[in-house]
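This report describes the interior packing, selected backbone features and one helix pair of the protein shown below.

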Amino acid sequence: MSEELEKADAPKKVVDDDRRWNYSIHYQRRVVDLIPENARTAIDVGCGEGMFARELASRHLAVTAIDEDGPTLERALAQDTTGIDYLEGDFLTYDLPREGYDVVSAIAVLHHVDIATGFERLKELVAPGGVVLVVGASRGTMKTVPKEIGASFADKAQRLWRGWWDHDTPSAWPPPHTFDEVRDAAIEILPGCEIKNHLLYRYTLTWSKSEA
């Protein structure tokens with residue numbers, strides 16, 4: 001790990017992640033329960049300021065978290081880093097161990113990259129018997145207009161009830177891929193995956209890698 005990402009001895013900021021809410025957080029709480037009981041290692045790609053990495057670490061996994069935005073990682077390092085090693089770099093090109101992780105997660109990151117390239121990289125990183133967990137965003141189409149209308153009402157209700165947490169990490173919007181494009185790439189690269197298009201502008205994908 002590079003020197004600037006070494007964990008300092010200064011007290012960490014205490015953050016109640018359970019009080020934060022946005023669309024990605026809403027659905028990441030669903031996929032985290034799919035972590036295999038025997039999982040020991042995890043990598044969170046495009047980790048942002050470490051919210052999902054902290055969730056993984058709280059489940060006693062040894063976590064690697066990688067993001068290419070330095071200021072974002074500084075905010076992550078100012079929070080609880082127990083059980084987490086942070087790396088600064090592009091998860092697509094960084095020298096990471098092939099089939100090195102029992103859990104590979106990508107939360108609101110794949111719309112920043114070519115979708116097929118992203119899925120191939122996740123597949124490469126996950127160990128046999130491990131699991132890929134994705135929460136992603138896709139671009140709307142004329143076909144999804146009725147869903148978008150329903151989502152707008154649900155969005156207003158959720159914001160009134162839960163509030164809204166907005167990260168300061170650089171974002172790419174609108175997403176370049178439609179859900180159909182994401183689904184087609186996933187089926188080809190991650191055969192047998194389970195992918196669902198949800199109401200609140202997000203999809204989830206889970207895939208278990210064969211032990212053979």
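## Backbone, core and helix packing

Ala 108 is located in the loop that links E4 to H4. The model is a predicted one. In this model, Ala 108 adopts a positive phi of about 55° although it is not a glycine. Glu 99, likewise not a glycine, has a positive phi of about 55°; the loop that holds Glu 99 runs between strand E3 (84-88) and E4. Ala 108 is partly exposed because its relative accessibility of 27% falls between the limits of 20% and 50%. Glu 99, at 36% relative accessibility, is also partly exposed.

The two cysteines listed with them in the table are buried: Cys 47 has a relative accessible area of 6%, and Cys 193 has a relative accessibility of 16%. Both values qualify as buried because the cut-off is under 20%. The count of disulfides in the model is zero.

| Residue | Relative accessible area | Class |
|---|---|---|
| Cys 47 | 6% | buried |
| Cys 193 | 16% | buried |
| Ala 108 | 27% | partly exposed |
| Glu 99 | 36% | partly exposed |

The largest nonpolar core comprises 30 residues, of which Val 45, Leu 110, Phe 119, Leu 122 and Leu 205 touch the most other members. Two or more residues of this core come from each of strand E1 (41-45), strand E4 (101-107), helix H4 (115-125), strand E5 (126-136), helix H6 (179-189) and strand E7 (203-208). H6 supplies the largest share, five residues.

Leu 110 illustrates the contacts of one such member. Leaving aside residues up to four places away in sequence, Leu 110 touches Phe 91, Ile 115, Gly 118, Phe 119, Leu 122, Val 134, His 177 and Tyr 203. Another core, of 24 residues, lies apart from the largest one; Val 32, Ala 39, Leu 61 and Tyr 86 are among its members.

How do H4 and H6 pack, and at what angle? The angle is about 35°, and the helix axes are 9 Å apart. The crossing of H4 and H6 is right-handed. On the H4 side, the contact is made by Ile 115, Ala 116, Phe 119, Glu 120 and Lys 123, which meet Val 182, Ala 185, Ala 186 and Ile 189 of H6. By class, this contact has seven nonpolar and two charged residues, with no polar ones.

Terms used:
Residues numbered from 1 in each chain as written. Predicted model: local features only at pLDDT ≥ 70, side-chain atom pairs only at ≥ 80, totals over all residues. Heavy atoms only, no water. Core = buried A, V, L, I, M, F, W, Y, C linked by side-chain atoms within 4.5 Å. Buried < 20%, exposed > 50% of the residue type's maximum accessible area, 1.4 Å probe, protein only. Helix = DSSP H or I, 4+ residues; strand = E, 2+ residues; numbered from the N terminus. Contact = heavy atoms within 4.5 Å. Disulfide = S-S within 2.5 Å. Axes fitted to C-alpha atoms, helices over the stretch in contact; angles between N-to-C directions. Left-handed = near helix turned anticlockwise from the far one by under 90°. Nonpolar A, V, L, I, M, F, W, Y, C, P; charged D, E, K, R; others polar.
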